[in-house]
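Trainee: Could you pick one part of this model and take me through it closely? I work at the bench, so plain talk is welcome.

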Amino acid sequence: MGLYRVAVVGGAGYAGEELVRILSRHPGVALTQLTSRMHRGERVREVISGLPGAAENLVFEEPDPSRLCEADVIFLALPHGAAAEYVVPLREAGKIVVDLSADFRLRNPRHYEADYGWEHPAPALLSKAVYALPELHRAEIRHGDLLAAPGCYPTSILLGLSPALGADWLREEEIVANSLSGTSGAGRRPEVPLLFSEMCENARPYGIPRHRHMAEMEQELDRLAGRKIDLVFIPHLIPLARGILSTIVCPLRTEIGLEEMHAHYVSFYRNDAFVRVLRLGELPAVRDVVRTNRADIGLQWDGTHRRLLVFCAIDNLGKGAAGQAVQAMNLRLGLPEEEGLLR
Ligand SMILES: NC(=O)C1=CN([C@@H]2O[C@H](COP(=O)(O)OP(=O)(O)OC[C@H]3O[C@@H](n4cnc5c(N)ncnc54)[C@H](OP(=O)(O)O)[C@@H]3O)[C@@H](O)[C@H]2O)C=CC1
Ligand SMILES: CC(=O)N[C@@H](CCC(=O)OP(=O)(O)O)C(=O)O
């Protein structure tokens, strides 16, 4: 059998470009189609530099579901709402779809409506989608035909919290997560608050009091804990192009020591190639994970207040978007999970 054919819709956006970079060097697939309405008819090399020959000679096409059906796997790197329009015909044609938008992350269409502001465009498909965070849903991803890649902030916070929630150490008090994000998280669109002159030497909170990622975090955290988790989430924009650092403060109800907690985290992720639990005393830095598909997790202990402090760094375009989506594709196609990805 030949290589799997893959297509990227939205291939000239930030997440799409990162997908193109990863997939064009991936030994298990052939990148055969890319779409961009803005760059329609242009060769890829005129828009994205430094790609291998076969990929840079592809031509950006207008997105057309019937033509996309020539591929085996279709990645959608489109804004929320727009992705669902492609998912419906592609799934009807039996294609494997990896959607990077939020359109299929939530089980409950009312939660989608509340946080995204419009009626869900294809609610019947929600129960068929898999929340494609490999470390938490590996078995379902292997059998899923509609893989909904998680948001970048939820990836960092869910990976940081899962071992603690699984161990049932937490007091029934709020967990507070502060996240710092680079500006590529907002996509490649011209907006005044994202201009260099607005963001250089600047930092600011946004998305207060309820960022739209709350719904997917609540969905997953409640499921992991088996009860309602009270999360305070405060995102900040900082002057980086890419990267996220999340600091999570967890009130504990046990007297368990830091060494034991650390050993539990190491054991929890022992089979996960893309999660690195740092040695005690080490804390993660965005610089170490940029352009990789890795999440670095560090732990600290505030004994005075009995709080576990969890720090998680990822690349929002890597483990937070394109890398994670390719990891999910690898699982679905039965390829080695790490194929084509850096750690
Ligand atoms: N940036 C990030 O860090 C992350 C992004 N994501 C998600 O990935 C998706 C893409 O994000 P990002 O790359 O940042 O966004 P961008 O704005 O950079 O890119 C989106 C692309 O989609 C194309 N597009 C827009 N509307 C349509 C449409 N109706 N039909 C077809 N193509 C369309 C545009 O290309 P053109 O107009 O040329 O067709 C554009 O290049 C979003 O859902 C985002 O939420 C997820 C995790 C992290
Ligand atoms: C800096 C910035 O603007 N970040 C984006 C999140 C990016 C991401 O992961 O989100 P979605 O896939 O859910 O869009 C935001 O706050 O909306």
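Mentor: Sure, but a word on the labels before we start: UniProt annotations may be inferred rather than shown by experiment, and their positions are given here in the numbering used for this chain. With that in mind, an unreviewed UniProt entry annotates residues 5-144 as "domain: Semialdehyde dehydrogenase NAD-binding". Also remember that this is a predicted model.

Let's take the spot that the record flags. Which residue carries the "active site" feature in UniProt? That would be Cys152, again from an unreviewed entry. In the model, Cys152 belongs to helix α7, a helix that covers residues 152-166.

Is Cys152 buried or exposed? It counts as buried, because 30 other C-beta atoms lie within 10 Å, and the cut-off for that label is 20 or more. Setting aside neighbours within four places in sequence, Cys152 has contacts with Gly185, Ile244, Asn316, Gly320 and Ala321.

Now bring in ligand 2. Cys152 is one of the residues around ligand 2, and Gly185 and Gly320 are listed there too. The rest of that shell is Ala102, Gly151, Ser181, Ala186, Gly207, His213, Pro235 and Leu237. Sorted by class, the shell around ligand 2 has 5 nonpolar residues, 6 polar ones and no charged ones.

Stay on the helix for a moment and go along to Ser156, which also sits in α7. Ser156 is buried as well, because 33 other C-beta atoms fall within 10 Å of its own. Not counting residues up to four places away in sequence, it touches Ser179, Ile244, Ser246, Ala295, Cys312 and Ile314. Ile244 is a partner you have already met, since it is also in contact with Cys152. For a sense of distance, the C-alpha atoms of Ser156 and Arg91 are 29 Å apart, with their positions 65 residues apart along the chain.

Helix α7 matters for the interior picture too. The largest nonpolar core has 92 residues, and α7 gives the most to this core, with 8 residues. At least three residues of the core come from each of domain 1 (4-128) and domain 2 (153-316). Val310 is among the residues with the most contacts inside the core, along with Val9, Leu19, Ile74, Phe75, Leu76 and Ala325. Leaving out residues up to four places away in sequence, Val310 touches Gly160, Leu161, Ala164, Ile248, Cys250, Ile297 and Leu299.

Next, step back to how the two domains sit. The domain assignment gives 4-128 as domain 1 and 153-316 as domain 2. Their C-alpha centres are 27 Å apart, and 8 residues of domain 1 are in contact with 7 residues of domain 2. On the domain 1 side of that contact, helix α5 (residues 109-116) gives the most, with 3 residues. That side divides into 3 nonpolar, 2 polar and 3 charged residues.

Where does ligand 1 lie? It lies between domain 1 and domain 2, because both of them give residues to the shell around it. That shell has 30 residues, and the closest are Gly10, Gly13, Met38, Ser101 and Gly187. Helices α1 (14-23) and α12 (318-333) each supply at least two of the shell residues, with the largest share, 3 residues, coming from α1. By class, the shell around ligand 1 holds 14 nonpolar, 13 polar and 3 charged residues. As for the annotated span 5-144 from the start, it is 34% helix and 16% strand, and its end C-alpha atoms lie 18 Å apart.

One last stop is the backbone. Most residues other than glycine have a negative phi, and most peptide bonds are trans. Ile208 and Pro209 are joined by a cis peptide bond, with omega about 5 degrees, and Pro209 is in the loop between β8 (204-205) and α9 (214-225). Arg291 has a positive phi of about 70 degrees and sits in the loop between α11 (286-289) and β12 (295-302). Arg306 also has a positive phi, near 50 degrees, and is in the loop between β12 and β13 (307-314). Arg291 is partly exposed, with 14 C-beta neighbours inside 10 Å, and Arg306 is partly exposed with 15 other C-beta atoms within 10 Å.

Conventions
Residues numbered from 1 in each chain as written. Chains lettered and ligands numbered in written order. Predicted model: local features only at pLDDT ≥ 70, side-chain atom pairs only at ≥ 80, totals over all residues. Near = placed C-beta within 6 Å. Helix = DSSP H or I, 4+ residues; strand = E, 2+ residues; numbered from the N terminus. Nonpolar A, V, L, I, M, F, W, Y, C, P; charged D, E, K, R; others polar. Domains from an automatic or database assignment. Core = buried A, V, L, I, M, F, W, Y, C linked by C-beta atoms within 7 Å. Buried ≥ 20, exposed ≤ 12 C-beta atoms within 10 Å, placed from the backbone. Contact = placed C-beta atoms within 7 Å.
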